[in-house]
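Me: I would like to learn how to read a structure one feature at a time. Could we begin with a single residue and then move outward to the larger parts?

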Amino acid sequence: MSKPIWIKHAAQLATLASEGKGPRSKEAMSELGLIEDGSIWIEEGMIKAVGTTNELEERYADRVNEAEVVDATDHLVTPGLVDPHTHVVYGGSREREFEMRLEGASYMDIMNAGGGIHATTRMTREALEEELIEQTTLRLDSFLAHGVTTVEGKSGYGMNLETELKQLRVMKKLQEQHAIDLVPTFMGAHAVPAEYKGREDEFVDQLINEMLPVVAEEKLAEFNDVFCEKGVFTPEQTERILDAGKRFGLIPKIHADEIESYGGAELAAKIGSISAEHLLKASDAGIKAMAKAGTIACLLPATALYLREEAAAGRKMIDEGVAVAISTDCNPGSSPTTSMPLVMNLACISMRLTPAEALTAATYNAACAINREEKVGSLEVGKQADIVLWNVKNYQELQYLFGVNHVKAVWKKGVKVV
């Protein structure tokens, strides 16, 4: 039996206490559950008590000598960050495309020339499973170093049965091997493979009739995601794929309205998608529909920055009642970063979220976007002891000092991993 851990004297302890109320919206996104001179008692990887240092000193007076004590004086303590949208398993690299974009090529220009998703698809198809495990482990290590303790990962760089299964099996193995919790999403509908150009509906049929049944049978994914975009998958094709996934028990997600307004936000609300991703060009009607349906907006400000696009209307979405989460969108083409602290900074700077809203979007709401709010995303009794100790005194400073990794220590399930 491991020693208890007692984190005490935190300048601020941001609990994000939620009491199981579901994703936060409007004013609730600013409620961080702050405790000054905060303290947490951890046993067997779980949070056993949260309160002021004095409260826990009294409660555990006869056990304090048993515990490993962590003095958090002058430090902020938060839940482990949650990244609800990544493409973390892939082969190769695409740094040449970065240069091409700076020379004037658009995202779709590069994709239509055989680059973009198609380039990573070729490299991922060629990579051995062991190579993908090795490359992805390095990325997950970097996530941990930036305070991220739970990561959603999508397939989608195979677009054939063999490689999609390879990506998902890599995630399954890494979930067993790595400290990070890795949540799998099937995204066979990330793009139409080059060999199916002009026969897009045939590929949709293959997804539904050949890929989804095997993914479900092997229990390799929890979610099903589709890139609903002009020139990729139509709203009608998207709905077919996501409805089919629901029949196999997969929860729907949508890459929606990234390049142009295409009805993706409206479709996400219509089909009961747990989240809609990107949303740079979401319509006013789509935003209102998402608010009414309770669909979480998963916004990716680092992607907008990298593509030199205007960020999604995060401020407007919160004001309209949409629950907002944020993510790195870690991927080789449009957001090759693992820094959720930077993403929180960008959420404030480019989408006008407040520092409190950005922290909520990167913890509790992000956990809700991947169906993990019962385990992670807040510091509450009975949840996993996924905790970050920051080299700042308060949550405002965390966002104010931007572009810097302020992580001092990270615990995952009560084990110090950073």
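Me: Is His-87 buried or exposed?

Reply: This is a predicted model, and in it His-87 has a relative accessibility of 2%. Buried means under 20% relative accessible area, so His-87 counts as buried.

Me: Where in the chain does His-87 lie?

Reply: His-87 is placed in a loop, the one that runs between strand S6 (81–83) and helix H2 (95–102).

Me: Which residues is His-87 in contact with, once its neighbours within four places in sequence are left aside?

Reply: The list includes Lys-154, Ser-155, Tyr-157, Met-187 and His-190, and it also includes His-255, Asp-329, Cys-330 and Asn-331. Take Tyr-157 as one case: 70 residues separate it from His-87 in sequence, while in space the two C-alpha atoms are 8.6 Å apart.

Me: With which side chains does the side chain of His-87 make a polar contact?

Reply: One such partner is the side chain of His-255, at 3.4 Å, and another is the side chain of Asp-329, at 3.5 Å.

Me: Moving outward, which domains does the domain assignment give?

Reply: The assignment gives domain 1, made up of 5–79 and 378–416, and domain 2, which covers 81–369. Where they meet, the contact takes 35 residues from domain 1 and 35 residues from domain 2. Taken over C-alpha atoms, the centres of the two domains are 29 Å apart.

Me: How should I read the size of an interface?

Reply: The general idea is that size is often given as the accessible area lost when the parts come together. Here domain 1 and domain 2 bury about 2,500 Å² between them, and 65% of that area is on carbon and sulfur atoms. Of the area that domain 1 buries against domain 2, Met-29, Gln-399 and Lys-412 supply 27%, which is more than any other three residues.

Me: How many salt bridges and polar contacts are found across this interface?

Reply: The rule finds two salt bridges between domain 1 and domain 2, and it also finds 13 residue pairs in polar contact across the interface. On the side of domain 1 that touches domain 2, at least two residues each come from strand S5 (76–79), strand S14 (387–390), helix H16 (395–400) and strand S15 (407–412). Sorted by class, that side of domain 1 has 16 nonpolar, 12 polar and seven charged residues.

Me: At what distance do the side chains of Asp-181 and Lys-412 meet?

Reply: They meet in a salt bridge at 2.9 Å, taken from N to O.

Technical notes: Residues are numbered from 1 along each chain as its sequence is written. This is a predicted model: local features need pLDDT of at least 70, side-chain atom pairs count only at pLDDT 80 or more; totals for chains, interfaces and linings use all residues. Side-chain values use heavy atoms; hydrogens and water are left out. Helices (H or I, at least four residues) and strands (E, at least two) are DSSP runs, numbered from the N terminus. Buried means under 20% relative accessible area, exposed over 50%, partly exposed in between (1.4 Å probe, protein chains only). Contact means heavy atoms within 4.5 Å. A polar contact is a pair of N or O atoms within 3.5 Å; within protein, one must be able to donate a hydrogen and the other to accept it, and residues adjacent in sequence count only if both atoms are side-chain atoms. Domain bounds come from an automatic or database domain assignment. Buried area is the accessible area (1.4 Å probe) that two parts lose on being put together, summed over both. A salt bridge is a side-chain nitrogen of Lys or Arg within 4 Å of a carboxyl oxygen of Asp or Glu. Ala, Val, Leu, Ile, Met, Phe, Trp, Tyr, Cys and Pro count as nonpolar, Asp, Glu, Lys and Arg as charged, and the others, Gly among them, as polar.
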